[in-house]
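Thanks for coming, everyone. Could you please pull up the model on your screens, so that we can walk through it together?

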Amino acid sequence: MSLTVLVRRLAFWRHRGAVALYALLLVLLAGPGTALAGSRDRLTLLVPDDADTASWQVKVWTDTAVEEGLQMKVMKASTFLALGTSANASISGLILPDSALIRASDRLVAGVKQYVSRGGRLLLVYDAASLNDEGLYDASGRSRFSDMVGVDYVLYETLRDRVVGFGPVVGTRGRLDNLSLPPGKYMPYPTAGGVTPFAAAAAQVPYVPTSHLDPGGSEFMRTWLLARAGSQPRVASLVSGLRYDAPVAEATPALRWLQTTGYASLRKPDDVSAVAGAGGAGWTETSPSRTAGNLAAGDAELQVVSGYAFGPLSYYSFVTTGAFPGNVFLSSPEFGLVAGERSYGNGKLLFVNLPLGFFKAIGTDGVLLHGVLGHFARDQVGMPRLAVQPRGIGGLVYNWHVDDGDDIVPDFRDIMASSFMAGAGPFSVHFTAGPDVETVGDRLGMNLLGNAAAQDVVRRTARTGPYASAYNLVKHEVGSHGGWIHNIYGLNANEDNAATYLPWLQWNLMAVDDVSGERSRSYSAPQGNNPSWAVAWNEFWGIVGMYTVSNTGSPATREWRSGTRLTTKLWSMPVTPFGTSATFEDFEANGVSDAASAQWLLDLQSFVVNRRSNRMFYNHPPGAAAHLDVVKTFVQRGKALRDSGRFTWYTMAELADFSQRRVQTGWASSSTWLGKEVFVLNNGQSLTDITMLLPRSRYTMPFVFWGRGSVSSDATDWIVTARSGTELKFYTAPR
């Protein structure tokens, strides 16, 4: 650029003030050579030189990173070693994943330790480097990372058949919330006189078979999980393949240290909370000045990670021995440390003694991978990230399953006509359209194509037909609830009978679309039964959001099964459980009171607001009709939070469309000669409502100098939101 042109541009900008002039200088001084070259805005996943980056062991991590709004690069071991002491200058956060990096050389282990000791941040997961590069256990008889972690593990020479245990995982309420497990994804841990392990009185506990061919037991567990799910025969013999033996007396007593890990400081001063009224009717919003303290009062309670219908879930982890010199995050009552962080030299490491990638890719349980990865990037590395929500505003998908004739008329019709529903939503409402429910010919279905009253409800819900111009009606999202005859499809469809049940799936969707006059874009499966052929057909037909009982407690995600991601554009909305329950019929069956269910729903709303995230709650009209006070409290508090600008109701398709556009958004940062950092966001479709969160502890207030955007903040982050356009640029200064 010539000096004359530069002077003219400076003159043009003079009247815009010093800030605009400074922004122009940043553009001029941020040469192309600086972009990306020294960028530290991404995590680094370390893999072997011969790793297949398309394998599930790698791809489940990179997929999850982009779903969490993070950037992640994959680095081969030789490349990392070539960096030497310069690794700390180019790697903000290093991850050694489970399942992908089981073999590692002594030199690589030493290089990782050097990186951490020189100030790096490390996430070390489960069986990473559990074998040397010859595929053997280390001669020391323990993991070569044991000295850095602070406890001994991979103790094959000492423990033999007791290297890997199988049992529940316990944490404090505050820590589980910090790991983004929503309320209800855990249950109170049964204690008596302080701490009572699940199997303390038992002479034996379960262990997973291991060997140098399968050092973490994942190959055995993959077979075991598939068998338990009914995908293979010999379930009984495989379940008995778990070995039972005496607990290891020297196992790290991490359970007793959980309540001293600084849980009270995990709450933010601008968190929200509310208390349900008597019997679940009404609520009292907690004052912002008291919320953090009130929540922290219960955050020391021990909780066990649980699942819908299952109760406490069992995970497998290495038995650890020794005293952990750091903060315990998660613990096994019998087997020791499950997760914890500690300092090492000038750096810090987070050790997670669980195969996180395996559980999402194989075990359809991704909530811990999402939570741990988010915590590591957000709280330990301090990385910028794209918010998973439009404008960063948390919200819920409220999914109604309308199964049969009585469900739609009168139950659903009358609930939606209630005064408290005026202006509420939009919700995702799914209909099973066939004439029957339990058996062919029982005539208990809604018979949508031949039922004028039911058709009127569908059109009113979708605000189509005679209701298209009704300004006072909320336009809800109408979709298909599976396969024509609810219970037959839900109980009998499987991977092997698509020839029988795919036509039912097609009939149902076409009936709903024909009556509503619109193309369905969301779906829910009866009984949560969703064979892979049904998923594939729905995506082919243009469905972008679906209900799932996999990955319970997770935010919107793309579903994995047996090591394969099933979809490209179809996003799953996992059920959020309340312990073993998830909906009103479950509450009744399991003795959950209206007061308790109402409080949980309020807590769930608070959670998505505080975490700027999303979750999904579903119900059926008969259950909701029997607990209208709870539904009213839930809906009206949603309105109040929405009016305050901190919450919204999302439909499945709306959230899926945004999520797809967000993962296709590119962004990068580069340093300038002036010591500032310039961020550039691009999306060829649109950046509207795409939002970036930057930790205030690491960055000064951003300034948008290119494109249309706004800047705000909360207690922890700067919030930069694009208002329109396809490109946005802003600068900030690292602290």
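Let me begin with some vocabulary: the helices and strands I mention are DSSP runs, at least four residues of H or I for a helix and at least two of E for a strand, and they are numbered from the N terminus. Please also keep in mind that this is a predicted model.

With that numbering in hand, let's visit two prolines. Where does P426 lie? P426 is in the loop between helix 15 and strand 20, which covers 428–431. The bond that joins G425 to P426 is a cis peptide bond, with omega about 15°. Now look at P410, which belongs to helix 15, residues 405–416. Here too the peptide bond is cis: going from V409 to P410, omega is near 20°.

Next, the inside of the protein. How many residues does the largest nonpolar core have? That core has 107 residues, and L43, W61, F80, L96, L124 and F145 are the ones with the most contacts inside it. Helix 14, residues 367–381, supplies the largest share of this core, with 8 residues. If you'd like one residue to zoom in on, try L96. Setting aside its neighbours within four places in sequence, L96 is in contact with several residues, including L46, L101, V112, A128 and F145. There is also a second, separate core of 64 residues, and among its members are A433, A462, W533 and A534.

Now for the aromatic rings. The structure holds 39 aromatic pairs, and I have picked two that share a tryptophan. In the pair of F578 and W600, the ring centres are 5.1 Å apart and the planes meet at 5°, so this pair is stacked. Why can we say that it ties parts of the chain together? F578 sits in the loop between strand 26 (571–574) and helix 20 (584–589), whereas W600 is in helix 21 (residues 594–611), so the pair links parts that are 22 residues apart in sequence. Are the two partners buried or exposed? F578 has 23% relative accessibility, so it counts as partly exposed. W600 has a relative accessible area of 3%, so it is buried.

W600 has another partner as well: with F617 it forms an edge-to-face pair, 5.8 Å from centre to centre and with 75° between the planes. F617 lies in strand 27 (residues 614–619) and W600 in helix 21, so this pair ties together parts 17 residues apart in sequence. At 1% relative accessibility, F617 counts as buried.

Since we are at helix 21 anyway, here is a nice sum to follow. At 1.5 Å a residue, its 18 residues should span 26 Å, and the end C-alpha atoms are 25 Å apart, which agrees. If you try this yourself, multiply 1.5 Å by one less than the number of residues. Helix 21 is mostly covered, as 13 of its 18 residues are buried. Just after the helix comes R612, which takes a positive phi of about 50°.

Two other residues with a positive phi are worth finding. V154 is not a glycine, yet its phi is positive, at about 55°. You will find V154 in the loop between helix 7 (146–149) and helix 8 (156–159), and at 3% relative accessibility it counts as buried. T364, again not a glycine, has a positive phi of about 50°. Its place is the loop between helix 13 (356–361) and helix 14, and with 27% relative accessibility T364 counts as partly exposed.

Let's turn to a pair of strands. Strand 5 (residues 164–167) and strand 14 run antiparallel and are joined by 4 bridges; in one of these, G167 has Y315 of strand 14 as its partner. Which residues cover the two faces of strand 14 (residues 315–318)? Y315 and S317 point to one side and Y316 and F318 to the other, and all of them are buried.

Last stop: charges over rings. The charged end of R175 sits over the ring of F329, 3.6 Å from the ring centre. Likewise, R696 has its charged end over the ring of W718, 4.9 Å from the centre.

That's my tour; thank you for listening!

Methods
Residues are numbered from 1 along each chain as its sequence is written. This is a predicted model: local features need pLDDT of at least 70, side-chain atom pairs count only at pLDDT 80 or more; totals for chains, interfaces and linings use all residues. Side-chain values use heavy atoms; hydrogens and water are left out. A nonpolar core is a set of buried Ala, Val, Leu, Ile, Met, Phe, Trp, Tyr and Cys residues joined through side-chain atoms within 4.5 Å. Buried means under 20% relative accessible area, exposed over 50%, partly exposed in between (1.4 Å probe, protein chains only). Contact means heavy atoms within 4.5 Å. Rings of Phe, Tyr and Trp (its six-membered ring) pair if their centres lie within 6.5 Å; planes under 30 degrees apart count as stacked, over 60 as edge-to-face and the rest as tilted. A charge sits over a ring if NZ of Lys or CZ of Arg is within 6 Å of the ring centre and within 35 degrees of the ring normal. Two strands pair if DSSP finds at least two bridges between them.
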